Amino acid sequence: MRDLDWTPDELSQDILNWYDRNARSMPWRIGPKERTTGTAPDPYRVWMSEIMLQQTTVAAVVSYFERFTRRWPTVSALAAAQDTDVMGEWAGLGYYARARNLLKCARVIVTEYDGVFPDTYDELLTLPGVGPYTAAAVASIAFDRPETVLDGNVERVMSRLHDIHTPLPGVKPELKRLAGDLTPNARPGDYAQAVMDLGATICTPKSPACGLCPWRLPCKARKTGTAPELPRKTPKKPKPTRYGIVYIAQSKSGDWLLERRPDSGLLGGMLGWPGSDWTDAPNPAPPFAAQWRELKAEVRHTFTHFHLILAVQYAEFPADFSPGSPYEVISLRDFRVSDLPTVMRKAYDLYRLP
DNA sequence: GATTCGTGGAA
DNA sequence: TTTCCAAGAAT
């Protein structure tokens, strides 16, 4: 690197040595022994983990990854799954378009690729739910190709290593170029994971542990003392508050009345309670006429771009009441609260545990 | 390029 | 309590 007094080879070697001593164990990773013997991890598991890890912490992903791979051990098994089963298993992890694309992608792999994942960046990039980051991650980690991953960790590490003050997201192409200059031809997958591990454990957003960093000597932001304030980002808009009403109805025999949300948009494809729109002044929309009663407590929930306050109303519905789509009557035996997205589970908890 | 799309943990 | 933000992709 012209600005660093270290060669790319020296830098990548330093962090690979650090990784060999400090790699965290994760269910989708292979052990240190098979790593050095050239054994590659299962592309299906690498792909699954990378989809789940999009904007999601390792701690949140682990149990979901275990459940998914136990229930659907191969891409063929996943491709044959029911849509509603996959959505229910994803419930609580968020960003539900990922689950819809996960299933879509598995079916493309089976029908278009004979059940075998493609091994190039360009082919991976065409798959549903696979963008520039995930294509590079799968190509490097599962197929040993020298592609460059650029996620939030790499952005932070590169902006500090080179002391870049230009704000994101505009500076992304330059960070990608700088990251690419460091990507080695040998063990590119381990290198990618090493930089991300470094960002997650040492080069953290707040109070980075520079004293423990394998790049503490070359790092320019550490010299200047600007590391904790990098990377700079363009300011984000404040979140408005919206309001809504949900209707919880149960028959005498215990059947619940739920609603399957449309495939696109917020919580797309997920099961939930019937309800109003979520606006400044919501329009009441009870699923049937009854003496609806209201809980004293409200649901408070924050999505990516707005706060939500939900009033919870409840009533009994007749056993012979059988509404059509999008409503679904689910028996007490078949109902799993874990199939609901978190905001809907909060409403259930308020109703069920007063 | 700007928006939309979840959730939970940490400071 | 509020803000930040985490191994981003689709539109």
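**Exercise 1. Count the residue pairs in polar contact between domain 1 and domain 2 of this predicted model.**

Step 1. Apply the cut-off. A polar contact is a pair of N or O atoms within 3.5 Å; within protein, one must be able to donate a hydrogen and the other to accept it, and residues adjacent in sequence count only if both atoms are side-chain atoms.

Step 2. Count. Domain 1 and domain 2 share 2 such residue pairs, both at pLDDT 80 or more.

Step 3. Look at the domain 1 side. Helix α6 (residues 83-90; a DSSP run of H or I, at least four residues, numbered from the N terminus) gives the most to the side touching domain 2, with 3 residues.

This is a predicted model: local features need pLDDT of at least 70, side-chain atom pairs count only at pLDDT 80 or more, and totals for chains, interfaces and linings use all residues. Residues are numbered from 1 along each chain as its sequence is written, chains are lettered from A and ligands numbered from 1 in the order written, and side-chain values use heavy atoms, without hydrogens and water.

**Exercise 2. Locate the two domains of chain A.**

Step 1. Take the bounds, which come from an automatic or database domain assignment. Domain 1 spans 8-229 and domain 2 spans 241-352.

Step 2. Place them. Their C-alpha centres lie 36 Å apart.

**Exercise 3. Find which atoms of P132, Y133 and D151 approach DNA strand C.**

Step 1. Check the backbone. A polar backbone atom of P132 is 3.4 Å from a phosphate oxygen of the strand. For Y133, the corresponding distance is 3.2 Å.

Step 2. Check the side chain. D151 places a polar side-chain atom 2.5 Å from a sugar or linking oxygen of DNA strand C.

Notes: Helices (H or I, at least four residues) and strands (E, at least two) are DSSP runs, numbered from the N terminus.
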